[in-house]
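Opening the notebook on a new chain today. I want the overall layout, then the core, then a couple of spots up close.

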Amino acid sequence: MSLGLTCWRHTEALRVSSCPPIQSLIDSVNEIAVIGEYRRVIKKEGANLTRRVKLLAPLFEELKECRRSFSEKALTCISSVNRGLRPAKEVLRFCQEGSKIYLVLERETIISRFLVVKTELEQLLDGLPYNALEISDGVREQVELVHSQLKSAKARVDIQDAELYSELAIVRSENTDRAMIYTELGRLAEKLGLKTISELKQESRALHEII
């Protein structure tokens, strides 16, 4: 076997070995993209994180189409980004499928989880060896934009979420009379999108799974 053929096969093997983590990245982005509309609570944080993750898709697609092999350092960085997307997917899925009441009561905790996810993704993107990856200028600019947004993003409780918490606190207070409780419950149910028996049962199941 000629030396040239051996080198070609070795290079091709390295290139193919890089596909699994990259394909996993693409799969993760697609899974996040189809999670769907987020609950009334934490809606803004969910939508912003989803949008930023989706903007990374062109980077992963270009890496998948790359015909050259990746260094061990590059593969390690790519795998790290993939691991960083897992907690992002988890918190987004929880915000979409979880209890609306729990999201209101624990809004500070959920916001903190978003902050941790964004900080980790920002650091992982900062560590990518862009020059070695040979991506196009347009894709690099887009990734740098996402990196900048993640770095400057501040996780904060939305004003409307804070209002929902205050209204729920009234319902939970022992000093609130029954008539006011019924009034506040009706207002809360409408704001949280709990209008049908089916929606109320779904909320009950979601809350039961947590507590």
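**Notebook: helix faces and core**

I started on helix H7, on the face turned away from its buried side, and found the exposed residues Val116, Gln123 and Asp126 there. Note to self: this is a predicted model.

Next I listed the buried residues of H7: Arg107, Ile110, Ile111, Phe114, Val117, Lys118, Leu121, Glu122, Leu124 and Leu125. Why do they sit on the same side of H7? They cover an arc of only 165° around the axis, so they end up on the same side of the helix.

I also checked the length of H7. It runs over residues 107-126, 20 residues in total, and its first and last C-alpha are 29 Å apart, close to the 28 Å expected at 1.5 Å a residue.

**Whole chain**

I zoomed out for the bookkeeping. The chain has 12 helices and zero strands, so to speak a plain α string from the N terminus on. Of its 211 residues, 38% count as buried. I looked up the accessible surface too: about 12,200 Å², with 52% of that belonging to carbon and sulfur atoms.

Then contacts along the sequence. Taking pairs at least 6 apart in sequence, I get 80% of the contacts joining residues at least 24 apart.

**Core**

Which residues have the most contacts inside the largest nonpolar core? Leu49 and Phe60 do, in a core of 42 residues. I went through the elements that give two or more residues to this core: helix H2 (19-33), helix H3 (43-54), helix H4 (57-65), H5, H7, helix H8 (130-133) and helix H9 (137-152). H5 gives the most, with 10 residues.

I clicked on Phe60 for its partners. Not counting residues up to four places away in sequence, Phe60 touches Ile22, Leu25, Ile26, Val29, Val81 and Leu85.

**Asn82**

Last stop was Asn82, which I found in helix H5 (residues 72-97). Is Asn82 buried or exposed? Asn82 counts as buried because its relative accessibility is 7%, and the cut-off for buried is under 20%.

I then pulled its contacts, leaving aside neighbours within four places in sequence: Asn82 is in contact with Pro21, Ser24, Leu25 and Ser28. Leu25 is also on the Phe60 list, so I am marking Leu25 as a residue that touches both Asn82 and Phe60.

Terms used: Residues numbered from 1 in each chain as written. Predicted model: local features only at pLDDT ≥ 70, side-chain atom pairs only at ≥ 80, totals over all residues. Heavy atoms only, no water. Helix = DSSP H or I, 4+ residues; strand = E, 2+ residues; numbered from the N terminus. Expected span 1.5 Å × (residues − 1). Buried < 20%, exposed > 50% of the residue type's maximum accessible area, 1.4 Å probe, protein only. Arc of directions from axis to C-beta. Contact = heavy atoms within 4.5 Å. Core = buried A, V, L, I, M, F, W, Y, C linked by side-chain atoms within 4.5 Å. Areas by Shrake-Rupley, 256 points an atom, 1.4 Å probe, with all protein chains shown as cover.
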